[in-house]
Amino acid sequence: MRMDQKLRAEVKEEMAKHKDCVEKDPYRLHYHLMPPVGLLNDPNGFIHWKGTYHLFYQWMPFKTEHGAKFWGHYTSKDLVNWQHEEVALTPAEWFEKNGCYSGSAIEHEEKLYLFYTGNVKDEHGQRESYQCLATSEDGFHFEKHGPVITLPEGFTAHFRDPKVWQQDGRYFMVVGAQTESLKGAIALFQSGDLRDWTFVRTLTGGDSGALANFGYMFECPDLFHLDGKDILIFSPQGIEPDGMKYNNVYQAGYTVGTFAPETGEYEHNEFVELDRGFDFYAPQTTIDEQGRRLLFAWMSVPDQNEQQHPTIKHKWIHTMTIPRQLQLKGDKLYQIPAKELERLRTHDAVIDDVVLNNEVKQINGVNGQSIELFMEDIEIEAGWFDVTISDAARIIYSSEQRVLTLERKSYVNGIVEKRQCKLEQLRDARLYIDTSSVELFVNDGEEVFTTRFYPTKDNEDVVFGASEKCRFSVKKWTLAKVF
Ligand code: FRU
């Protein structure tokens with residue numbers, strides 16, 4: 001208890017000490033969730049509980065690097081306006097002393113139950129991993145109950161990120177894992193009361209089945225029912241680039257299939273990346289009180305030049321994505337911005353119909369640092385169409401190759417780098433731009449590109465171009481500053 005209080009006091013001190021420095025950063029975002037100081041990574045414990053959205057997050061308040069993580073805590077009534085709450089979990093006890101790692105939330109008997117990984121490194125640097133429980137009556141103060149699951153046989157201590165759900169009168173938990181043969185896998189547990197857990201089986205991955213030998217570690221699994229199918233989201237590590245696929249250091253994606261609660265078997269099809277951009281990892285979903293399946297992800301990837309971000313000199317690093325709603329069309333997951341984000345629009349839209357004839361064009365009023373842009377009825381007669389944002393990111397659609405490209409100037413060396421995907425046709429594109437981030441949703445969420453970018457100061461231009469003839473209509477909204 002004393003350790004917990006000491007850590008809480010230190011966090012407050014750190015926040016106060018660096019508040020001005022953090023707030024002065026021109027790359028602070030206007031409507032994305034960021035850490036008040038230090039490093040933010042995975043979304044955790046996302047839940048809509050008693051009318052309030054709770055989003056916890058992996059937080060290292062004392063430096064802009066990874067370390068013994070806390071659970072930071074944001075709440076909201078509307079997914080737009082957020083309140084930063086007191087720290088939810090501090091790494092104060094022996095079973096979590098090197099970090100309260102990622103996990104999830106579920107309601108049980110009017111209480112909030114948090115499941116998370118207690119990360120422990122012993123004096124020889126050996127890792128231990130405990131799946132722990134903390135409960136709360138009010139959603140703000142948590143009582144820790146310690147480990148409820150220790151490492152089952154057949155896995156290494158890279159065993160973390162429990163996600164819990166209720167189905168057919170019992171509880172299930174998926175945990176990200178590495179088998180003793182050093183293969184990425186997902187472990188499945190079940191319980192009648194959320195306290196006693198039994199290992200059921202390896203859900204997928206390991207040495208056999210559809211995801212055999214698929215990388216060396218799976219992080220942050222999430223299994224849920226959507227539109228008649230069972231979707232498994234997870235973040236595998238150790239997958240080699242394959243053409244336009246898997247170009248980030250680590251991936252985040254999903255499989256679509258059928259989960260049988262009686263046996264714990266999960267039949268599924270191939271892994272597909274959820275996002276095609278540079279910065280998207282460890283997504284987590286919840287079903288809200290309106291029945292929507294909502295997703296947040298960390299807008300970064302571990303071990304990907306993290307220490308080169310220019311925000312570091314302002315004592316903070318990383319952000320969440322905007323909240324997105326998931327829909328399943330056929331076997332493809334679509335992501336669209338949560339409807340509530342329309343409330344960020346401060347004015348009526350600037351609207352224009354544009355025709356480009358082998359030229360570049362700026363449109364009066366269509367620019368800004370923190371804007372939503374929507375292009376629809378896009379018709380490209382031949383060649384390519386592009387949109388350049390603040391001279392630091394560019395979206396290009398080639399109608400001949402049927403390829404969509406996102407380019408950005410690298411924050412490491414200024415060299416242009418790109419991510420791509422196949423796209424049969426570009427019908428519409430919705431862009432959420434927020435000072436140092438871009439989220440692009442094409443064809444109503446069929447493909448999404450998420451990326452950080454660092455434009456030079458005051459460059460708020462949006463430039464449209466076409467190699468031949470192209471027409472579209474454009475709407476632009478200025479978005480409110482929430483943070
Ligand atoms: C994913 C991850 C999780 C872990 C957490 C630690 O980004 O590595 O597997 O629980 O971050 O912060």
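The following paragraphs describe the two domains of this predicted model, the interface that joins them, and several salt bridges and backbone features.

Because the model is predicted, local features are reported only at pLDDT of at least 70 and side-chain atom pairs only at pLDDT 80 or more, while totals for chains, interfaces and linings use all residues. Residues are numbered from 1 along each chain as its sequence is written, and side-chain values use heavy atoms, with hydrogens and water left out.

The domain assignment gives domain 1 as residues 2-339 and domain 2 as residues 348-478; such bounds come from an automatic or database domain assignment. The C-alpha centres of domain 1 and domain 2 are 31 Å apart. Contact between the two, meaning heavy atoms within 4.5 Å, involves 36 residues of domain 1 and 35 residues of domain 2.

The size of an interface is often given as the accessible area lost when the parts come together. Buried area is the accessible area (1.4 Å probe) that two parts lose on being put together, summed over both. Between domain 1 and domain 2 this area is about 3200 Å², with carbon and sulfur atoms giving 55% of it. On the side of domain 1, Met244, Arg276 and Phe278 lose the most area to domain 2, and together they account for 25% of what that side buries.

Charged and polar pairs also cross this interface. Side chains of opposite charge can pair when their charged atoms come close. A salt bridge is defined here as a side-chain nitrogen of Lys or Arg within 4 Å of a carboxyl oxygen of Asp or Glu, and four of them are found across the interface of domain 1 and domain 2. Glu447 and Arg276 form a salt bridge in which the closest N and O atoms are 2.8 Å apart. Polar contacts are pairs of N or O atoms within 3.5 Å; within protein, one atom must be able to donate a hydrogen and the other to accept it, and residues adjacent in sequence count only if both atoms are side-chain atoms. Between domain 1 and domain 2, 27 residue pairs are in polar contact, both residues being at pLDDT 80 or more.

Strand 22 (residues 332-337) gives the most to the side of domain 1 that touches domain 2, namely six residues. Strands (E, at least two residues) and helices (H or I, at least four) are DSSP runs, numbered from the N terminus. One residue of strand 22 is Gln335, which counts as buried at 1% relative accessibility. The term buried means under 20% relative accessible area, exposed means over 50%, and partly exposed lies in between (1.4 Å probe, protein chains only). A polar atom of the Gln335 side chain lies 2.8 Å from the backbone oxygen of Leu274, and a polar contact of 2.9 Å joins the side chains of Gln335 and Arg324. Leaving aside residues up to four places away in sequence, Gln335 touches residues that include Phe280, Leu295, Phe441, Asp444 and Val448.

The salt-bridge count comes to 31. In one of these, the closest N and O atoms of Asp78 and Arg343 are 3.7 Å apart. Asp78 lies in the loop between strand 3 (70-76) and strand 4 (82-84) and Arg343 in the loop between strand 22 and strand 23 (350-361), so this pair ties together parts that are 265 residues apart in sequence. Asp78 is buried, at 14% relative accessible area, whereas Arg343 is exposed, at 56%. The loop between strand 3 and strand 4 also holds Leu79, which has a positive phi of about 65° although it is not a glycine. Leu79 is buried, with a relative accessible area of 1%.

A further salt bridge joins the side chains of Arg160 and Glu219 at 2.7 Å, N to O. Arg160 belongs to strand 9 (residues 160-167) and Glu219 to strand 13 (residues 217-226), so the pair ties together parts that are 59 residues apart in sequence. Both Arg160 and Glu219 are buried. Strand 9 also contains Asp161, a residue other than glycine with a positive phi near 70°. Asp161 is buried, with a relative accessible area of 6%.

Glu340 and Arg292 likewise meet through their side chains in a salt bridge of 2.7 Å, N to O. Glu340 is in the loop between strand 22 and strand 23, and Arg292 is in the loop between strand 18 (281-287) and strand 19 (293-298), 48 residues apart. Glu340 counts as buried at 10% relative accessibility, and Arg292 counts as buried at 9%.
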